Amino acid sequence: MHHDSWPCSRYRNNTAPGAPPAYFRVWLFNITNLHDVRQGAKPILEQVGPYVYRGYHERHQVMWSADGRVHFKDHTYFKLDSNLTAADPDAPIATFNLPLLGVLAALHGNVSPGLLPFVDLLMKVLASYREEGLHGLFAVRNATDLLWGYEDKLLQLLEKLVPAGTLPNGATVSLLSNSSSLEAALARNATTVNTGELDLSRLWTVEADQGRTEVKSWPCPEPVRGGDATQFKPGLTAADRLTVWVGDIYQSADLIVNSSTELHGVKLLRYWLDPAQAAPNPCHNQELTGLMNITGPQAAGWDGPSNASGPAVFVSMPMFCGADERLVQEVDGLECDWERHMTWVDVEPTTGITLRAFKRMMMSSRIGGLGSVLEPHVAPNLTIPIFWAEESGEAPQELAQQFKSTLYRAQWMVANLAKVCWIAGGCCMLCGIVLAVLTVQLAADPDKWQPVAADESAIAAARDMLYNTRGSASRVAGAAAWRPGDGQQQQQGGAPFGPGGGVIAVAAAGDGAGNGAASVGNEEEGDGERQGLLSRRVGGAAGEDGEIGL
């Protein structure tokens, strides 16, 4: 069934008024001694930021299928929050001239060996090109242009000189993507997620990312697997390993329990990246511990060749936390703080719902052997950080308290059910003994037992007591019941525990979006039965103001 109603369900977006915000923070690294670095000195880095952006996440063309899957298209965009931003968006930042590095790598990867000397000569001529802010393989740009894009004059010149197709993005350069066009989002293929309706162990796992099921541009193809870090299977323990699909780095990540924690009184398990994944891995072109090399997929896309050429792009934890010690020693100005720079998610284990999460990554580059033609005094393998970013979200206190009161009340009922059953079992046994004795006595003297006229007042009192008791039970059940069709709770003899049917979601998706659902309902009435069933299975937390996207 296809749905296009608007305003759409809370799980599909966080753009409703009053919705808990999702924030995207960026810190850029400014090389403060650029002139000396070009002469061979160690770079001294200054962290500039944060630049804080409000992330808006929407899901469109949502379609539910009978095989327990949901298909949708993400639309994510960012807006600067000037009140939270602590740095000047126009501040000059000295860093690598990534456009020139990219062109150099692309030319060397797309011309015959006999033309390479000509290419090197061309690059030297281009390097002598004079424009304010250009310094060989380095450049000085303002923060906004670096992050979100600008038209590079050098690339405009190169477009006239290099073979067609060498510059697939033309002269536009940006470190990040900010898609404000809904039309562009709708033109992409749909993402497919398993709802867990038929197999609860696969609850909210990504099966296709924008229509693709594997990344072919790695030496070893990488299948799309894992969730989006918003919802995991219920009933988690400290021994469980979780898998998350991270489209930003074209691979999955495994999470393990690090500790126990709380959020507004709700007990949580804190999962963070398995340190074993930081080891060198030839399948991902990773040579150094903790430094993921995504150069190939970044240049070739999902389906391109594994040996594609492009500017060197590396991803790690901020400040090279957990990475090869040599990386930290090559530059000054980095200091790792595990609590501040690690990626982790706090998950409520009974429901598997993420209530708080921080996703943090740092991007770095190097000039490589080819860049030595233009920068002979800079070590070709010198890895310099460009920026690091953080996406975060957490359940507000009011929503956490609603979640806590409902979940813990249900747990108390389950814990005491065994006691009730034991007592009830004892009562049934006693009743059985009494009934057996009475049966024997009745068989011995049938005339002893005569019917007695019914006391109407006693019957009425008993009926009232029975109905009142049933009503109390119904109210308790109603506090955790979901109304099929829209993911909201329906009042059943008493007030529901929350005013709405919102969803707590914290994303680690590839485009910044993360609107996964504990209750993936809140859609039109036509598919309410499936949504209501799933909502009851996962016991999702309700909230009026929508999701927390990441």
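The legends below describe several close-up views of a predicted model.

**View 1. Strand 3 and the strands that pair with it.**
Strand 3 covers residues 45-65, and because 16 of its 21 residues are buried, this strand is largely enclosed by the rest of the structure. On one side of the pairing pattern is strand 2 (residues 22-31), which runs antiparallel to strand 3 and is joined to it by nine bridges; within this pairing, isoleucine 31 stands opposite leucine 45. Strand 3 also pairs with strand 4 (residues 69-80), again in the antiparallel sense, and here the pairing extends over eleven bridges.

**View 2. The hairpin of strand 3 and strand 4, with a charge over a ring.**
Three residues lie between the two strands of this hairpin, and glycine 68 takes a positive phi near 80 degrees. Along the paired strands, arginine 54 stands opposite lysine 79, a residue of strand 4. Lysine 79 also takes part in another contact, since its charged end sits over the ring of tyrosine 56, at 5.5 Å from the ring centre.

**View 3. Tryptophan 27 and tryptophan 388, a stacked pair of rings.**
The model has nine aromatic pairs. One of them is formed by tryptophan 27 and tryptophan 388, whose rings are stacked, with 4.1 Å from centre to centre and 5 degrees between the planes. Tryptophan 27 belongs to strand 2 and tryptophan 388 to strand 21 (residues 384-394), so the pair ties together parts that are 361 residues apart in sequence. Tryptophan 27 counts as buried at 6% relative accessibility, and tryptophan 388 is likewise buried, with a relative accessible area of 1%.

**View 4. Phenylalanine 96 and phenylalanine 138, with a note on a ring cluster.**
The ring centres of phenylalanine 96 and phenylalanine 138 are 5.2 Å apart and their planes lie at 20 degrees, so this pair is stacked. The pair links distant parts of the chain, with phenylalanine 96 in strand 5 (residues 92-96) and phenylalanine 138 in strand 7 (residues 138-142), 42 residues apart. Both phenylalanine 96 and phenylalanine 138 are buried. In addition to this pair, the student can look for a cluster in which ring pairs link Phe24, Tyr53, Phe78 and Trp148.

**View 5. The lining of the second largest pocket.**
The second largest pocket has a volume of about 700 Å³. Its lining is made up of 43 residues, and those that lie nearest the centre of the pocket are Ala253, Leu273, Gln277, Met292 and Met317. Several strands each supply at least two residues of this lining, namely strand 14 (242-246), strand 15 (251-263), strand 16 (266-273), strand 19 (344-348) and strand 20 (353-365); strand 20 gives the most, with five residues. Sorted by character, the lining residues divide into 28 nonpolar, ten polar and five charged.

**View 6. Valine 266 in strand 16, and arginine 270 with its ring partner.**
Valine 266 is found in strand 16, and at 0% relative accessibility this valine counts as buried. Although valine 266 and alanine 400 are 134 residues apart along the chain, their C-alpha atoms are separated by 6.9 Å. This view also takes in arginine 270, whose charged end sits over the ring of tryptophan 344, at 3.6 Å from the ring centre.

Terms used. Residues numbered from 1 in each chain as written. Predicted model: local features only at pLDDT ≥ 70, side-chain atom pairs only at ≥ 80, totals over all residues. Heavy atoms only, no water. 1 Å grid on protein atoms, 1.4 Å probe; cavity = no way out; pocket = protein on both sides within 12 Å on 5 of 7 lines; lining within 4 Å. Points joined across faces, edges and corners; volume = space filled by probe spheres on them. Helix = DSSP H or I, 4+ residues; strand = E, 2+ residues; numbered from the N terminus. Nonpolar A, V, L, I, M, F, W, Y, C, P; charged D, E, K, R; others polar. Buried < 20%, exposed > 50% of the residue type's maximum accessible area, 1.4 Å probe, protein only. Pairing = 2+ DSSP bridges. Phe/Tyr/Trp six-rings, centres within 6.5 Å; stacked < 30°, edge-to-face > 60°. Lys NZ or Arg CZ within 6 Å of the ring centre and 35° of its normal.
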